[in-house]
Amino acid sequence: MTMAQLPRRKRRFPAVVSLLLAVLALLLAPLPSSAAESDPGWWNPTARPTPDAQVNVTGEPFKGTDSQGRVRGFVDAHDHIMANEGFGGRLICGKPFSEQGVADALKDCPEHYPDGSLAIFDMVTKGGDGKHDPVGWPTFKDWPAHDSLTHQQNYYANIERAWRGGQRVLVNDLVTNGVICSVYFFKDRSCDEMTAIRLEAQKSYDMQAFIDKMYGGPGKGWFRIVTSSAQARAVIEQGKLAVVLGVETSEPFGCKQVLDIAQCSKADIDKGLDELHQLGVSSMFLCHKFDNALCGVRYDSGALGTAINVGQFLSTGTFWKTEDCRGPEHDNPIGNAVAAQAESQLPKGVSVPTYASGAQCNTRGLTSLGEYAVRGMMKRHMMLEVDHMSVKAADQAFEVLESEAYPGVISSHSWMDSGWTERLYKLGGFAAQYMSVAGPFSAEAKAKEALREKYQVGYGYGTDMNGVGGWPAPRGADAPNPVKYPFRSTDGGSVIDKQVTGERTWDFNTDGAAHYGMVPDWIEDIRNVGGQKVVDDLFAGAESYLRTWGNTEKHESGKNLASGAAASASTTEWWNPFVGFAPAKAVDGDKDTRWASEWKDDQWLQVDLGSTQPVKRVTVDWEAAYAKSYRIELSQDGRTWQTAWSTTAGDGGLDTAWFARTPARYVRIHGLERGTKWGLSLREVGVHSD
């Protein structure tokens, strides 16, 4: 049959198909240039304030997940967007956003005019020379800068540039310090820490609304504050920035100590944790810079350390106290540097102590109130930041977390002794390194690469911008392997050029990490200096952080099989008729009671679970009298025993023994050698199947 012989309906079919294909081709064809220009892309705002900084990144931000369903992107685990609202309001100069634009946002503090002579904090932290040109827009001659600790580095357009460069998680730690505020000369508000935290939280939401407005309304901007790992994952899959709220203060919940006496109660801690949780806070520090009623701190060094030590004395009546460290982990050396401006504030006849170079550990650890706060955070599924804790406090905090197999532990900016890293990864925690020069940063990243591969985790960085810490200095225009502009983002989808703000063009090679907008440039410098593998590990950070957070949210305390169980012992110490140390005291759920043995070696406590159960973990909470050498022994019949775990280096405190899941009805803590002149004394024993 020829075409002419086909029925009219059949002859029309090819014509219809041809027409549909033509329409489809038009729909899939590139838009004419005029149409493309009218659609700037969802990632570009419809309007910005005037005047404003440029971002100087082109290309659509990546969305979705990889082939295995994992989100991608960099994690800044430690930043302080709203620090200008803390410390009395005049320590950090400038704001992260303003409806009037960059000229209004990035203004220096009034007392810094005309030449920085009254920039007192700069004087303290820069060796007595804090002078600078206070003019911001449009010249920005002297600030922001990698070594200027008092000028706003988190302008929103700078954070936008970091997001466009591949960052997908930013932990915004709400920060203040009542002690620094009280001793600093300039302030325009109260030094109350919770007042500042509330204000910074509100300002964070205000910044989200400010950015939303530029993109057409609520929920449309790229800056998304999240309160759960599921929210964060959804935001990242949309190609946007998940902003997590944390808290870093010196006296949370009013928990300062004065002459070693706590100024807060358990009720204050519960009330404070509940309020922070309601504000949307997901992680926090329990101590920062100064010893408080919860824990001792890991010291600062140099002149800044001396100044902080002075501040501690003025606030609490006590200076830092040191002792020889018990193990290889140690706090930062205090040194004996002079901080004349700060030391001049001490009362007549009082001076900063001289510290022995070998005694590098804080005598203060985690207090009983501190342990209560840790357990309170666990109850609320919050993540604990162990950076800034003394090694003694961090060790004790890890013991509490390990006793519950709790994964919510973060080291966000290199203030935890690196010796605890595997301990953190075993729990399921997340680690990030302080933002430093590319060479040392890469070397430290490579030193822990084997651990990351062992636990299949990514890596993070903590910029700590607005955190008065100092940031990577420029390597110099003539340094080997410099950053070459423009360059492509790690995912390859964006092109990053030098950022321009007014009359100032920023070049990482000569400016270093002067502000947050330099984060993509710094990552490119790491790629040039440290290699692609370091960057790849950082790019896997978002997924690892969300796993830690998600597992923290899902955590449930395992049933303690020993609670209320029948208990017996080799011996029991008799003290007087009114105080008993019977074996049952070690399984009664009350940490104020205890079992105690007679004062000799080879003592044991035995727990009868009532029936055979799978046992995987045993927790042993020692009182002052502990075993240096002891075993965890298991039995199904009470006669034939097998050793599930043992140590010859017991040091007291809270121990957690992990071993392969084993069926047992009877569990015995068998002390072979005492660690003190007394017998053995156990507050509480826990037996768990998980």
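**Close-up views of a predicted model**

**View 1. Helix α15 and its two sides.** Pro440 and Ala447 of α15 are exposed, meaning over 50% relative accessible area with a 1.4 Å probe and protein chains only as cover (under 20% is buried, in between is partly exposed). On the other side of this helix, which spans residues 438-447, sit the buried Ala438, Phe441, Ser442 and Ala445. Looking down the axis, those buried residues fall within an arc of 95°, so they line one face of α15; the arc is taken over directions from the helix axis to the C-beta atoms. They pack against β13 (430-434), α16 (449-455), β14 (460-462), α18 (519-530) and α19 (532-539). Contact here is heavy atoms within 4.5 Å, and helices (H or I, at least four residues) and strands (E, at least two) are DSSP runs numbered from the N terminus.

**View 2. A nonpolar surface patch.** Trp575, Phe578 and Val579 make up this one, sharing about 400 Å² of accessible area (Shrake-Rupley, 1.4 Å probe, only the protein chains shown as cover). Valine 579 sits in the loop between β19 and β20 (595-596) and is partly exposed, at 37% relative accessible area. Patch members need over 30% relative accessible area and no salt bridge, with nonpolar side chains joined within 5 Å and like charges within 9 Å; a salt bridge puts a Lys or Arg side-chain nitrogen within 4 Å of an Asp or Glu carboxyl oxygen.

**View 3. Glycine 564.** This residue lies in the loop between α20 (541-554) and β19 (566-569) and is exposed, at 63%.

**Notes.** The model is predicted: local features need pLDDT (the predictor's confidence in each residue, 0 to 100) of at least 70, side-chain atom pairs 80 or more, while totals for chains, interfaces and linings use all residues. Numbering runs from 1 along each chain as its sequence is written, and side-chain values use heavy atoms, leaving out hydrogens and water.
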